[in-house]
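User: Could you help me learn to read the features of a protein model, one at a time? I would like the general idea and then the case at hand.

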Amino acid sequence: MFDDLLSLISKRIDSERAFDDAWAIQAHDRHFTYRAFHDSAEYSADRLRRAGLSEVKVLQAPADGASVFGDWRMPLAWDVEDAWFDLIGHNGFAQRIADRAKVTQSLAMWSGPTPPEGVEAEIVHVPNAAAADSYTAEEVRGKIVFTSSHPHHVKRILAERGAAGILSDYIHPSGAKLRDATAWINSFSDDPGGWALLSDDS
């Protein structure tokens, strides 16, 4: 039955158009801001209208981290203008090692803002910051913690210990062989086992 259905549908599929649509949607969604998601939804609605569908609507749901839509608690909306990380040596020379304008995944989604002047702090290396008993609060307080742990898994631990921020070279095992890969961190709730940022998260 499914083979017959597939052969019927495949005659109506334009693979180039499907690729172009996927490319266009990803061009918005890769920024993982709610403004970009809105643009992606509008693009998709327009494509459906151009395909001949009528009464196409983009539904609105409050992205307040509290409202329930269907059976899903809506995450907090998030936006970002710019973000970068400069490594400053003892001689004062600064090298930019992360720039969201070039690689959008350089910043974890739902990261909090810095003060207008930014944050400058000493970096301390904690290879596995998720192993809370392997270091003390005094070692990380007021410092930027460089770790190979997933930032979401260590956010609450480091925040409770007063760390100034997280710098991570975490990469999922599936991307370990990709030399220039940057992990997409799109979970940042206070609960290490959770996902989206909600209204009662920090």
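**Reading the model, step by step**

Analyst: Let's begin with one side chain: Arg141 is partly exposed, with a relative accessible area of 46%. Please keep in mind that this is a predicted model.

User: Which residue forms a salt bridge with Arg141?

Analyst: The general idea is that side chains of opposite charge can pair when their charged atoms come close. Here the partner of Arg141 is Glu138, and their closest N and O atoms are 3.8 Å apart. That falls within the 4 Å cut-off for a salt bridge. Glu138 counts as exposed, at 54% relative accessibility.

User: Which residues are joined into one network by salt bridges that share partners?

Analyst: Arg35, Asp79 and Glu81 are joined in that way. Altogether, the count comes to eight salt bridges.

User: Where do the partners sit when a salt bridge links distant parts of the chain, as with Arg73 and Asp200?

Analyst: Look at the elements as well as the residue numbers. Arg73 belongs to strand β2 (residues 72–73), while Asp200 is in the segment after β7, 127 residues apart. The closest N and O atoms of this salt bridge are 3.4 Å apart. Arg73 is partly exposed at 32%, whereas Asp200 is exposed at 55%.

Now try a second pair, Asp86 and Arg96, whose closest N and O atoms are 2.7 Å apart. This salt bridge also links distant parts of the chain, with Asp86 in strand β3 (residues 84–88) and Arg96 in strand β4 (residues 94–99), ten residues apart. Asp86 is partly exposed at 30% relative accessible area, and Arg96 is partly exposed at 43%.

User: Let's move on to sheets. What is the order of the three strands in the open sheet?

Analyst: To read a sheet, find which strands pair, then look for those that pair on one side only. The order here is β5-β6-β7, with parallel pairing. The edge strands are β5 (123–125) and β7 (165–168). On average, neighbouring strands of this sheet are turned by 30° against each other, direction ignored.

User: How many bridges join β6 to β7?

Analyst: There are four, between β7 and strand β6 (residues 144–147), and the two strands run parallel. For an individual bridge, look at Ile144, whose partner in β7 is Gly165.

A helix also packs on this sheet: α5 (residues 151–160) touches β6 and β7, and its direction makes about 155° with that of β7.

User: Which residues of α5 are buried?

Analyst: They are Pro151, His152, Val154, Lys155, Ile157 and Leu158. A useful general idea is that an α-helix has 3.6 residues a turn, so residues three or four places apart point the same way. The buried residues of α5 pack against α4 (137–140), β6 and β7. Just after the helix, Gly162 takes a positive phi of about 80°.

User: How do I check the span of helix α3, and what is expected for it?

Analyst: Compare the distance between its end C-alpha atoms with the span expected at 1.5 Å a residue. Helix α3 (residues 34–50) has 17 residues and reaches 24 Å, close to the 24 Å expected. Its buried residues are Ala36, Ser40, Ala45 and Arg47, and they pack against α2 (15–29). Just after α3, Gly52 takes a positive phi of about 110°.

User: Why does Ser40 count as buried?

Analyst: Ser40 counts as buried because its relative accessible area is 7%, and the cut-off is under 20%. Leaving aside neighbours within four places in sequence, Ser40 is in contact with Ile25, His28 and Asp29.

User: Is Ala196 buried or exposed?

Analyst: Ala196 is buried, with a relative accessible area of 7%. You will find Ala196 in the segment after β7. Not counting residues up to four places away in sequence, Ala196 touches Pro75, Trp110, Ser189 and Asp201. The C-alpha atoms of Ala196 and Trp110 are separated by 8.3 Å, although these residues are 86 apart along the chain.

Key
Residues numbered from 1 in each chain as written. Predicted model: local features only at pLDDT ≥ 70, side-chain atom pairs only at ≥ 80, totals over all residues. Heavy atoms only, no water. Pairing = 2+ DSSP bridges. Axes fitted to C-alpha atoms, helices over the stretch in contact; angles between N-to-C directions. Contact = heavy atoms within 4.5 Å. Salt bridge = Lys/Arg side-chain N within 4 Å of Asp/Glu carboxyl O. Buried < 20%, exposed > 50% of the residue type's maximum accessible area, 1.4 Å probe, protein only. Expected span 1.5 Å × (residues − 1).
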